[in-house]
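Trainee: Could you take a close look at one helix for me, and tell me which of its sides is buried and which is exposed?

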Amino acid sequence: MGGEKSSLPFNAMVFRIRESTYKAMIKHCLGQRPYEACGLLSGKNGQTDTLWEMKNILCSPTSFAMDEVQLRQTFKKMEKSGGRLTGIYHSHPTGPPRPSSTDIANATYPEAVYLIVSLAQTTPSVGCYRILGKSQVIPLSLNILSG
């Protein structure tokens, strides 16, 4: 994912996502079990309202990777729609909604928020983080906006 700019203020401690986008993210993650699902989120004015489902090319229950060609195409569509990258999401089919050491090591977009959807319980739970460098993980509040 190239040097895309985020529409989320870097110092924001709350990640705002439209309810319909949040529900689409959960649905995508549930639909990809037993593998990890992954995707991008975009929006404008500090609010996330668009989900971009990506293919997990690893087809793995414990890790994910996105296809570079699909990423480039998605970023072009995102830019054309006027949106900016706000987040990157993936699921943990059996684990908690916290970044694993692999998630932290592979987090290369400090401007993006990382959402992790845990499917370990009957009801999915979502963790929301800023990951800076290879060691700083900052939990953020998740604000789900109606609509």
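Mentor: Sure, let's start with the outward side: Lys-23, Lys-27 and Gly-31 of H1 are exposed, meaning over 50% relative accessible area, against under 20% for buried and partly exposed in between (1.4 Å probe, protein chains only). Before going on, note that this is a predicted model, where local features need pLDDT of at least 70 and side-chain atom pairs count only at pLDDT 80 or more, while totals for chains, interfaces and linings use all residues. Residues are numbered from 1 along each chain as its sequence is written, and side-chain values use heavy atoms, with hydrogens and water left out.

H1 covers residues 19-32, 14 residues in all, and its first and last C-alpha atoms are 20 Å apart, close to the 20 Å expected at 1.5 Å a residue. That expected span is 1.5 Å times one less than the number of residues, and helices here are DSSP runs (H or I, at least four residues), numbered from the N terminus.

Now the other side: Thr-21, Tyr-22, Met-25, Ile-26, His-28 and Cys-29 are buried. They lie on the same side of H1 because they cover an arc of only 160 degrees around the axis, taken from the directions from the helix axis to the C-beta atoms. The general rule is handy here: an α-helix has 3.6 residues a turn, so residues three or four places apart point the same way.

As for the wider packing, the largest nonpolar core has 18 residues, a core being a set of buried Ala, Val, Leu, Ile, Met, Phe, Trp, Tyr and Cys residues joined through side-chain atoms within 4.5 Å. Cys-29 belongs to a second, separate core of 15 residues, which also includes Phe-15, Ala-37 and Leu-41.

Definitions and conventions. Helices (H or I, at least four residues) and strands (E, at least two) are DSSP runs, numbered from the N terminus.
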